[in-house]
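Got your viewer open? Load the chain, switch to a cartoon view and follow along, one selection at a time.

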Amino acid sequence: MKKGTGYLIFNAIFIIPSIILVIINGISVGPVMLTVFSLCITGFLVLSSKETKEKEDAIQKLESQISMVKDFTPTNILHAANCVVALDENKEKLVIANTVGTYTYDFKKVIESEIFQDEVSISKVSRTGQIGGALVGGVLAGGVGAIIGGLSSSKQNETQVRSISLKIVLDDLKRPYQNIQILNSDIPLKLSNTTYTQALEDASQWQSIMSVIISRNQRSIVNQ
């Protein structure tokens, strides 16, 4: 589910040509142009409403898949762009529901977790301990800061982002990893954009959760 698809199509077909017509014909807007703008606004609202309804329906369907998992009561839920992720801390289980199916894992199956921003790794934890590299400053402490360290100089200077994902590596030969697409935008988003900062906050929160799970797994192995 990409963000902004309907908006881009609508701009290309209606809004941009309308603005050009206004510029060509001058500031004065006659009845015909008022009608065109009214139709544009109506079309935009219809497209926005349709996209919102489709996203809500998709989320409800995925939540329904999770609700069918036996002996599982979610204590944390993440609504990602391509799936819904839930975990039951009491039963120590992780469930990921997407359009392909529903996958259930014991916490002990989690081996590694990594955040990618525009396909570049910015934070990674694994059973061997936290791995150095880029980390989003202040996020794990509750705030969103600038990207620091571990990235090339060209990447450090970027001020816009299209995607954020969380890759979870699992001890499962059939499906050894799950890619959680938290942000997937058709248009570049500034680092100050609230959609971006919320997605980054979600990714950081779940990276922290995976870090705790991996740490517990390590202690369990040591104590055996």
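Start with the whole chain as a cartoon: you should be able to pick out four helices and eleven strands. Keep in mind that this is a predicted model. Now colour by burial, and 34% of the 224 residues come out as buried. If you draw the surface, you're looking at about 13,000 Å² of exposed area, with carbon and sulfur atoms supplying 57% of it. For a feel of how the chain folds back on itself, take the contacts with a separation of 6 or more: residues 24 or more positions apart account for 54% of them.

**Stop one: strand S5**

Select residues 110–117, which make up S5. How many of its eight residues are buried? Seven of them are, so the strand is mostly covered.

Next, bring in the neighbours. Add residues 120–126, strand S6, and you'll see S5 and S6 pairing in the antiparallel sense over six bridges. Click on Glu 114 and look across to S6: Lys 124 stands opposite. S5 and S6 form a hairpin with two residues between them. One to click on in that turn is Asp 118, with a positive phi of about 50 degrees.

Now add residues 160–170, strand S10. S5 pairs with S10 as well, again in the antiparallel sense, over seven bridges. To find one of the bridges, select Val 110, whose partner in S10 is Leu 170.

**Stop two: Ser 113**

Stay in S5 and zoom in on Ser 113. Is this residue buried or exposed? Its relative accessibility is 0%, and buried means under 20%, so Ser 113 counts as buried.

Show side chains here and put a distance label between Ser 113 and Gln 207: their side chains make a polar contact at 2.4 Å. Then expand the selection to everything Ser 113 touches, leaving out residues up to four places away in sequence. You'll get Ser 123, Lys 124, Val 125, Leu 166, Lys 167, Gln 207, Met 210 and Ile 214. Lys 124 is also the residue opposite Glu 114.

**Stop three: charges and rings**

From that set, select Lys 167 and add Tyr 177. Lys 167 lies over the face of the Tyr 177 ring, at 4.9 Å from the ring centre. For another arrangement of this kind, jump to Arg 175, which lies over the face of Tyr 103 at 4.5 Å from the ring centre.

What about aromatic pairs, and how many are there? With ring centres needing to lie within 6.5 Å of each other to pair, the count comes to zero.

Methods: Residues are numbered from 1 along each chain as its sequence is written. This is a predicted model: local features need pLDDT of at least 70, side-chain atom pairs count only at pLDDT 80 or more; totals for chains, interfaces and linings use all residues. Side-chain values use heavy atoms; hydrogens and water are left out. Rings of Phe, Tyr and Trp (its six-membered ring) pair if their centres lie within 6.5 Å; planes under 30 degrees apart count as stacked, over 60 as edge-to-face and the rest as tilted. A charge sits over a ring if NZ of Lys or CZ of Arg is within 6 Å of the ring centre and within 35 degrees of the ring normal. Buried means under 20% relative accessible area, exposed over 50%, partly exposed in between (1.4 Å probe, protein chains only). Two strands pair if DSSP finds at least two bridges between them. A polar contact is a pair of N or O atoms within 3.5 Å; within protein, one must be able to donate a hydrogen and the other to accept it, and residues adjacent in sequence count only if both atoms are side-chain atoms. Contact means heavy atoms within 4.5 Å. Accessible areas come from the Shrake-Rupley method with a 1.4 Å probe; for residues, only the protein chains shown count as cover.
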